[in-house]
Amino acid sequence: MKNKYLILVAVLLLSACGNRNNIVIEGTLANGAGKTIYIEEMTPDTRLFLDSVKLDNKGHFRFKYEMPYKTFYNVHINEDDYIVLLPDFGETIELSGDYNSLSTSYTLKGGHDSQLLWQLQDYSNQGSNVLREIVATDRQNVELLNQGKMTQKQYDEARALTDSIYLAAFAEQQQYVVHFIEDNLGNLSTLIALYKPFNNRPLVNPEDSFEFYEAVLEGLQESLPDNPHTISFKNQVERTRFQYAR
């Protein structure tokens, strides 16, 4: 009897060890019943397709995957509507949101590092809303100018105002990203922050702020020295440093 008990304990321990790298990403999306959602692993070199599932009649989905190392996952509806998650080993992340606007509507439970990326994305979404308003206002003013309902001087004054709003929005986004990096050195989420753009313009430009690239690398080498993302980023920083030296 004692031997059977020991065997049972051993089996349970082996089972637990075999599953310790598993992650679960699940959730329920409004307007998602019967539709498809996809997941990819974001390796240092490419996006690797893992799976796709059809949401049930309540809009629920579930992915389970054995994570090879700490890495990013791209959960998406299409190429333009996606979210990036950063699970930890053995973690379950629960998503909610709207299938028709996943990246701008999602919230999540669980996952400290994925929560960090959600905060980063949420602030970025606010900046995108401001940018859309600026573009819409300028288009409206151009139309009024073309119709003769606004003089060139009036348009120039209106454009100067929208330009100032744009510059203020860019500065706010840039300040947020810089603080995010400084507050989370050693976390892989800083890699996503480092490459955040605003209106296709980098918020942290290596030509002007290469010290942030150095700081991110130093933090990752301390916390995750053997992680493939750290190694890949190290190579990139060294190439950039060499180019600047030339």
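The exchange below concerns helix α4, a strand sheet and some salt bridges in a predicted model.

Student: On what footing are residues counted and values taken?
Tutor: Residues are numbered from 1 along each chain as its sequence is written, and side-chain values use heavy atoms, with hydrogens and water left out. Because the model is predicted, local features need pLDDT of at least 70 and side-chain atom pairs count only at pLDDT 80 or more, whereas totals for chains, interfaces and linings use all residues.

Student: How far apart are the end C-alpha atoms of helix α4?
Tutor: Helices (H or I, at least four residues) and strands (E, at least two) are DSSP runs, numbered from the N terminus. The expected span of a helix is 1.5 Å times one less than its number of residues, so the 32 residues of α4 (152-183) should span 46 Å, and the end C-alpha atoms agree, being apart by 46 Å.

Student: Which strands are the edges of the sheet β3-β2-β5-β6?
Tutor: Two strands pair if DSSP finds at least two bridges between them, and in this open sheet of four strands the pairing is antiparallel. Pairing on one side only marks the edge strands, β3 (47-54) and β6 (81-85).

Student: Is Glu40, the salt-bridge partner of Arg47, buried or exposed?
Tutor: A salt bridge is a side-chain nitrogen of Lys or Arg within 4 Å of a carboxyl oxygen of Asp or Glu, and Arg47 and Glu40 meet at 2.8 Å, N to O. Buried means under 20% relative accessible area, exposed over 50%, and partly exposed in between (1.4 Å probe, protein chains only). Arg47, at 38%, is partly exposed, whereas Glu40, at 9%, is buried.
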